[in-house]
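Trainee: Could you take me through one part of this model up close? I'd like to hear how that part looks against the rest of the chain.

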Amino acid sequence: MSAHNNQSNRLRHQAGLRSGTPGTHSGYSSAAYSGAGPEDDAAQQTYDDDPNGKDSRLKMKISMLKDVSITIGDEIRDQNQFLASMGEDMDGLGGRLATTMKHFYEMWARQGCGPLFYLCLFAVCVFVFMYLYLKFR
């Protein structure tokens, strides 16, 4: 039973889980933790010698995460403002496009199918030119 407890404590120690009596820096008491080798003694020694080192590293990482989250929040706020202004611009563009299409339909109604034929011929010529340009480039 004692060998099982030693192995269990060693595995908990390697996983970073606390075992033993509360109030010690690492959470282990010398009675609850009896390492089987020099690596375990060295690990125990680093836990006992430098309890504030882990705290300072943890605080540093937390402050870095806080700075990153603040930066992300600022970026999100800027992107939302940009998207709002872009939406307003698109609304204005939609109105201009609707007016242009209205003028096109009025012109088509007055002049018949002639302008529509020329528009289609122009579109076909542009696509043929683009095809030839990309093929023989």
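Mentor: Here is a walk through helix 4, with the rest of the protein as background.

Keep in mind that this is a predicted model. The overall layout is simple: the protein has four helices and zero strands, so the pattern along the sequence reads α-α-α-α. Of its 137 residues, 9% count as buried. Among contacts between residues at least 6 apart in sequence, 21% join residues at least 24 apart. The protein exposes about 11,400 Å², and carbon and sulfur atoms supply 64% of that area.

Now to the helix itself, which covers residues 114-135. What sits on the surface here? A nonpolar patch does, made up of Phe122, Val126, Phe127, Phe129, Met130, Tyr133 and Leu134. Together these residues have about 790 Å² of accessible area. Take two of the members one by one. Phe127 has its place in helix 4, and at 58% relative accessibility Phe127 counts as exposed, because the cut-off for that word is over 50%. Phe129 is exposed too, with a relative accessible area of 58%.

Phe129 also has a partner. A search of the whole structure turns up three aromatic pairs. One of them joins Phe129 and Tyr133, with ring centres 6.3 Å apart and 20° between the planes. That pair counts as stacked, because planes under 30 degrees apart earn the label. The sequence spacing is easy to follow on the model: Phe129 and Tyr133 both lie in helix 4, four residues apart, about one turn of the helix. Both residues belong to the nonpolar patch as well, so you can pick out the stacked pair while you have Phe129, an exposed residue, on screen.

While you're in this region, have a look at two cysteines. Cys120 is partly exposed, with a relative accessible area of 44%, and Cys125 is also partly exposed, at 45% relative accessibility. How many disulfides does the structure hold? Zero.

For a contrast, step back to helix 3, residues 51-111. The salt bridge count comes to one, and that salt bridge brings together the side chains of Arg77 and Asp74, at 2.6 Å from N to O. Why do these two line up along the helix? Arg77 and Asp74 are three residues apart in helix 3, so about one helical turn separates them. Arg77 is partly exposed at 48% relative accessibility, and Asp74 is partly exposed as well, with a relative accessible area of 35%.

So, put side by side, helix 3 holds the Arg77 and Asp74 pair, about one helical turn apart, while helix 4 holds Phe129 and Tyr133, also about one turn apart.

Technical notes
Residues numbered from 1 in each chain as written. Predicted model: local features only at pLDDT ≥ 70, side-chain atom pairs only at ≥ 80, totals over all residues. Heavy atoms only, no water. Disulfide = S-S within 2.5 Å. Buried < 20%, exposed > 50% of the residue type's maximum accessible area, 1.4 Å probe, protein only. Salt bridge = Lys/Arg side-chain N within 4 Å of Asp/Glu carboxyl O. Phe/Tyr/Trp six-rings, centres within 6.5 Å; stacked < 30°, edge-to-face > 60°. Contact = heavy atoms within 4.5 Å. Areas by Shrake-Rupley, 256 points an atom, 1.4 Å probe, with all protein chains shown as cover. Patch = residues over 30% accessible without salt bridge, like charges linked within 9 Å, V, L, I, M, F, W, Y side chains within 5 Å.
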